[in-house]
Amino acid sequence: MPHDIKCITHESGNEEGWVCVCNNTPSTGGFFPCDLKGNEIEPVKGWNRLYVCDRCGRIIEQDTLKIVAHRRLLRLPLLSN
Ligand SMILES: [Zn+2]
């Protein structure tokens, strides 16, 4: 498996049937609205349309399915405030 995967995929013909690179889907672990740090939030107005994979912590941009960040990496001690 290549190391440079930058996007998740979805089931063919079902753009909401997301399949994360960790094989999580909406019907297994699921995906939750989150902020840029991967904190789960309510998808209210002003939300940046990001989702976090509940299994691996990758943060996904809804419109492009791009992996924009990773919750676990953001939790490294060096990066925390
Ligand atoms: Zn995942």
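**A sheet and its core**

Colleague: In what order do the 4 strands of the open sheet stand?
Modeller: The pairing in this open sheet is antiparallel; two strands count as paired if DSSP finds at least two bridges between them. Strands (E, at least two residues) and helices (H or I, at least four) are DSSP runs, numbered from the N terminus. The order of the 4 strands is 3-4-5-6.

Colleague: What kind of model is this, and what pLDDT do side-chain atom pairs need?
Modeller: Residue numbers start from 1 along each chain as its sequence is written. It's a predicted model, where totals for chains, interfaces and linings use all residues, local features need pLDDT of at least 70, and side-chain atom pairs count only at pLDDT 80 or more.

Colleague: Which strands stand at the edges of the sheet?
Modeller: Look for strands with a single partner, so that one side is left without a neighbour in the sheet. That picks out strand 3 and strand 6 (67-70).

Colleague: By how much are neighbouring strands turned against each other on average?
Modeller: Axes here are lines fitted to C-alpha atoms (for helices over the stretch in contact), with angles running from 0 to 180 degrees between N-to-C directions. For the strands of this sheet, direction is ignored, and the average is 35°.

Colleague: What pattern does the protein chain follow along the sequence?
Modeller: The chain has 1 helix and 6 strands. Read along the sequence, they give β-β-β-β-β-β-α.

Colleague: How many bridges join strand 3 to strand 4?
Modeller: These two run antiparallel, and Pro33 has Tyr51 in strand 4 as its bridge partner. The number of bridges joining strand 3 to strand 4 is 4.

Colleague: Which element gives the largest share of the largest nonpolar core?
Modeller: A nonpolar core is a set of buried Ala, Val, Leu, Ile, Met, Phe, Trp, Tyr and Cys residues joined through C-beta atoms within 7 Å. The largest one has 11 residues, including Ile8, Trp18, Phe31 and Ile60. Strand 3 (31-34), strand 4 (50-53) and strand 5 (58-61) each give two or more residues. The largest share, 4 residues, comes from strand 4.

Colleague: Which residues are buried on the two sides of strand 4?
Modeller: Buried means 20 or more other C-beta atoms within 10 Å of a residue's own, exposed means 12 or fewer, and partly exposed is in between, with C-beta atoms placed from the backbone. In a regular strand the side chains alternate between the two faces of the sheet. Both faces of strand 4 are covered, by Leu50 and Val52 on one side and on the other by Tyr51 and Cys53.

Colleague: Why does Val52 count as buried?
Modeller: Val52 lies in strand 4, and its bridge partner in strand 5 is Ile59. Contact means C-beta atoms, placed from the backbone, within 7 Å; leaving aside neighbours within four places in sequence, Val52 touches residues including Phe31, Cys34, Gly57 and Arg71. Val52 counts as buried because its C-beta neighbours inside 10 Å number 24.

Colleague: Which residues does Phe31 touch, not counting those up to four places away in sequence?
Modeller: Phe31 is itself one of the core residues. Its list takes in Trp18, Pro26, Tyr51, Val52, Cys53, Asp54 and Ile60.

Colleague: Which residue in the hairpin of strand 4 and strand 5 takes a positive phi?
Modeller: Strand 4 and strand 5 pair over 3 bridges in the antiparallel sense. The hairpin has 4 residues between the strands, and the one with a phi near 85° is Gly57.

Colleague: What about the hairpin of strand 5 and strand 6: which residue in the turn has a positive phi?
Modeller: Here 3 bridges join the strands; Ile59 stands opposite Ala69, and Arg58 opposite His70. The hairpin has 5 residues between its strands. The residue in the turn with a positive phi of about 65°, although not a glycine, is Leu65.

Colleague: Asn23 also has a positive phi; is Asn23 buried or exposed?
Modeller: Most residues other than glycine have a negative phi. Asn23, with a phi of about 75°, sits in the loop between strand 2 (18-19) and strand 3. It has 10 C-beta neighbours inside 10 Å, so Asn23 counts as exposed.

How values were computed:
Contact = placed C-beta atoms within 7 Å.
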